[in-house]
Structures are given as structure tokens and as C-alpha cells.
Amino acid sequence: MPSFRITMTIGSLQPGVAPDSVLPAAAAAAAELTTVEASDLAVVAGSARATVRFTADDVASAVRIGAHTLAGTRIRAGVITWQVTERVHGRWLPVH
């Protein structure tokens with residue numbers, strides 16, 4: 001099954017939200033629809049970047065799962081940018 005990921009640059013947290021709850025909430029949102037392969041939080045150029053890797057049957061499903069994950073994340077934090085990518089021959093390529 002193809003592997004996809006959503007990468008989100010995280011902005012400010014919603015009031016009362018603990019920083020360490022954002023990534024688990026994002027992964028849980030994706031897990032409502034598919035198998036989550038991995039999740040990671042990194043600081044890139046001074047900004048928090050959350051990544052959730054998941055499986056999907058096709059690009060359309062991946063976009064739907066990505067949108068659901070994004071919505072679940074936005075409950076806890078602002079998302080500045082986001083992108084869904086697909087693993088193709090060892091590289092992550094944006095989906096269209």
C-alpha cells in the first residue's frame with residue numbers, strides 16, 4: 001500500500017493546550033481513517049514541524065486523510081503551512 005505523509009508547520013497553540021499534545025492528536029486524527037506508520041516533531045528554521053506518515057489506497061484518499069489530520073491538529077494549534085506528499089522511488093513528492 002502506498003505511503004504518504006502530511007507535514008505541518010505549527011504556529012501558536014490554542015489556549016490551555018499543552019505543546020506535547022499536538023503531535024499525538026495529529027496522529028490520532030489520521031488513525032481514525034487509516035494506519036499511521038510514524039509521527040515526528042522537529043524544529044526547522046525555528047518553527048515546529050509535525051509530520052504524520054500514513055498509508056492510503058490512492059492520492060484522493062491521501063488528500064482526504066491529510067485534510068482530516070489537519071482539521072484534528074487545528075483544534076489544538078494553528079497550522080501555518082501544510083503539504084501532503086507521497087513516497088515514490090525513495091523520494092517524497094507533493095500530491096496533486
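**Exercise 1. Work out how far apart in sequence the contacts of the protein chain lie.**

Solution. Step 1: take contacts (heavy atoms within 4.5 Å) with a separation of 6 or more. Step 2: pick out the pairs of residues 24 or more positions apart; they account for 65% of those contacts. Two notes on the source apply throughout. The model is predicted: local features need pLDDT of at least 70, side-chain atom pairs count only at pLDDT 80 or more, and totals for chains, interfaces and linings use all residues. Residues are numbered from 1 along each chain as its sequence is written, and side-chain values use heavy atoms, with hydrogens and water left out.

**Exercise 2. List the secondary structure of the protein chain and judge its compactness.**

Solution. Step 1: count the elements. There are two helices and five strands. These are DSSP runs numbered from the N terminus: helices are H or I with at least four residues, strands are E with at least two. Step 2: read along the sequence. The pattern is β-α-β-β-α-β-β. Step 3: compare radii. The radius of gyration, taken over C-alpha atoms, is 13 Å. The globule rule (2.2 Å times the number of residues to the power 0.38) gives 12 Å for 96 residues. The two values are close, so the chain is as compact as a globular protein of that length. Step 4: box the C-alpha atoms along the principal axes. The box is roughly 40 × 30 × 20 Å.

**Exercise 3. Trace the sheet from edge to edge.**

Solution. Step 1: set the order. The five strands form an open sheet, 2-3-1-4-5, with antiparallel pairing. Two strands pair if DSSP finds at least two bridges between them. Step 2: find the edges. Strand 2 (36–44) and strand 5 (91–94) each pair on one side only. Step 3: add the twist, which averages 30 degrees from one strand to the next. Angles run from 0 to 180 degrees between N-to-C directions, with axes as lines fitted to C-alpha atoms, for helices over the stretch in contact. Step 4: count bridges. Strand 2 and strand 3 (residues 47–55) share eight bridges. Eight bridges also join strand 1 to strand 3. Step 5: match residues. Leucine 41 has alanine 50 of strand 3 as its bridge partner. Alanine 42 stands opposite arginine 49 in strand 3. Step 6: inspect the hairpin of strand 2 and strand 3. Two residues lie between the strands, and alanine 45 takes a positive phi near 55 degrees.

**Exercise 4. Place the two helices and say how covered helix 1 is.**

Solution. Step 1: locate helix 1 (residues 22–31). Helix 1 packs on the sheet, touching strand 1, strand 2, strand 3 and strand 4 (77–88). Its direction makes about 150 degrees with that of strand 2. Step 2: locate helix 2 (residues 59–74). Helix 2 lies across strand 1, strand 3 and strand 4, at about 155 degrees to strand 4. Step 3: check burial. Buried means under 20% relative accessible area, exposed over 50%, and partly exposed in between (1.4 Å probe, protein chains only). Seven of the ten residues of helix 1 are buried, among them Val22, Leu23 and Ala25.

**Exercise 5. Describe the surroundings of serine 3.**

Solution. Step 1: place serine 3 in strand 1 (residues 3–13). Step 2: classify it. Serine 3 counts as buried because its relative accessibility is 9%. Step 3: find its polar contact (N or O atoms within 3.5 Å; within protein, one must be able to donate a hydrogen and the other to accept it, and residues adjacent in sequence count only if both atoms are side-chain atoms). The side chains of serine 3 and arginine 53 are joined at 2.8 Å. Step 4: list contacts beyond four places in sequence. They include Glu37, Phe54 and Trp92.
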